[in-house]
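Colleague: Could you take a close look at one residue of this chain, and set it in the context of the whole model?

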Amino acid sequence: MSDPTRTQRTPIRLSMSMTLDGFVTGPDDRHGQGLGRGGGRIFDWLDDRNDAGVNGDVYREYLATGALISGRRTYELADRWGGDHHDGVPIHVLTHHPDDDPPGSARYFTDVDRCAEEARAAAGDKVVMAHGAGLAQALLGAAQLDEIEIHLVPVLLGAGRRLFPDGGVGPIELELIRRLDGRGVTHLRYAVRYS
């Protein structure tokens, strides 16, 4: 039976572009090559971000979020977004090692529950956006992730970083609550159903 209060809290929504074979980066993702070899293909749909239509609408939803939670690896590979992911929203970085002072609106957290709680408070009545494969595992393991939005790209990379590696958390039931077909991508949103 699900917790009835869960529907009343500010939602945390994981938003990840992913290949059909489950990769969110190409192989050898590292500084200077944050998306890995060939991983840029996963984000081709963002070429339409300023257009009218599905892909532009989904991108504008990104910009309407009130806070961001990122895993440390994603945060670093994105060059810390220069201290501002979008519109100065608070950036909450889940990390094992808060070893420096992050730039801009970013703050480090070592506790997943506290990170989620503070991100929800910062977002107010807006959605909290989440990025990162490791972060997804941490949020799911703590029952803090409310929705998973996958931007499914019809390509097989064959290698790279998987969103959900073997041995992750689960089983967890998901309920499809939205499907939008954009140019070169299918946007799938699932509600996470914890038992």
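Modeller: What follows starts with the basis of the model, turns to a single leucine, and then widens to the chain.

This is a predicted model, in which local features need pLDDT of at least 70 and side-chain atom pairs count only at pLDDT 80 or more, whereas totals for chains, interfaces and linings use all residues. Residues are numbered from 1 along each chain as its sequence is written, and side-chain values use heavy atoms, with hydrogens and water left out.

The residue I would choose is Leu68, which lies in strand S3 (residues 67-71); helices (H or I, at least four residues) and strands (E, at least two) are DSSP runs, numbered from the N terminus. Leu68 is buried, with a relative accessible area of 0%, where buried means under 20% relative accessible area, exposed over 50% and partly exposed in between, for a 1.4 Å probe and protein chains only. Once its neighbours within four places in sequence are set aside, Leu68 is in contact (heavy atoms within 4.5 Å) with Trp81, His85, Val89, Pro90, Ile91, His92, Met129, Ala130 and His131. Leu14 stands 54 residues from Leu68 along the chain, and the C-alpha atoms of the two are separated by 9.7 Å.

For the chain, residues 24 or more positions apart account for 66% of the contacts with a separation of 6 or more, and 46% of the 195 residues count as buried. The elements comprise 4 helices and 10 strands, which run from the N terminus as β-β-α-β-α-β-β-α-β-α-β-β-β-β. In helix H4 (residues 133-141), the buried residues include Ala133, Leu135, Ala136, Gln137, Leu139 and Leu140, and after H4 comes Ala143, whose phi is positive, near 55 degrees.

As to confidence, the mean pLDDT of the chain is 91, and 96% of its residues reach 70 or more; pLDDT is the predictor's confidence in each residue, from 0 to 100. Among the elements, helix H2 (residues 72-77) has the lowest mean pLDDT, 90, and strand S7 (residues 147-153) the highest, 98. Over residues 1-6, however, pLDDT stays under 50, and the model has 5 contacts beyond four places in sequence for them.

Finally, the C-alpha trace of the chain spans about 40 × 40 × 35 Å along its principal axes.
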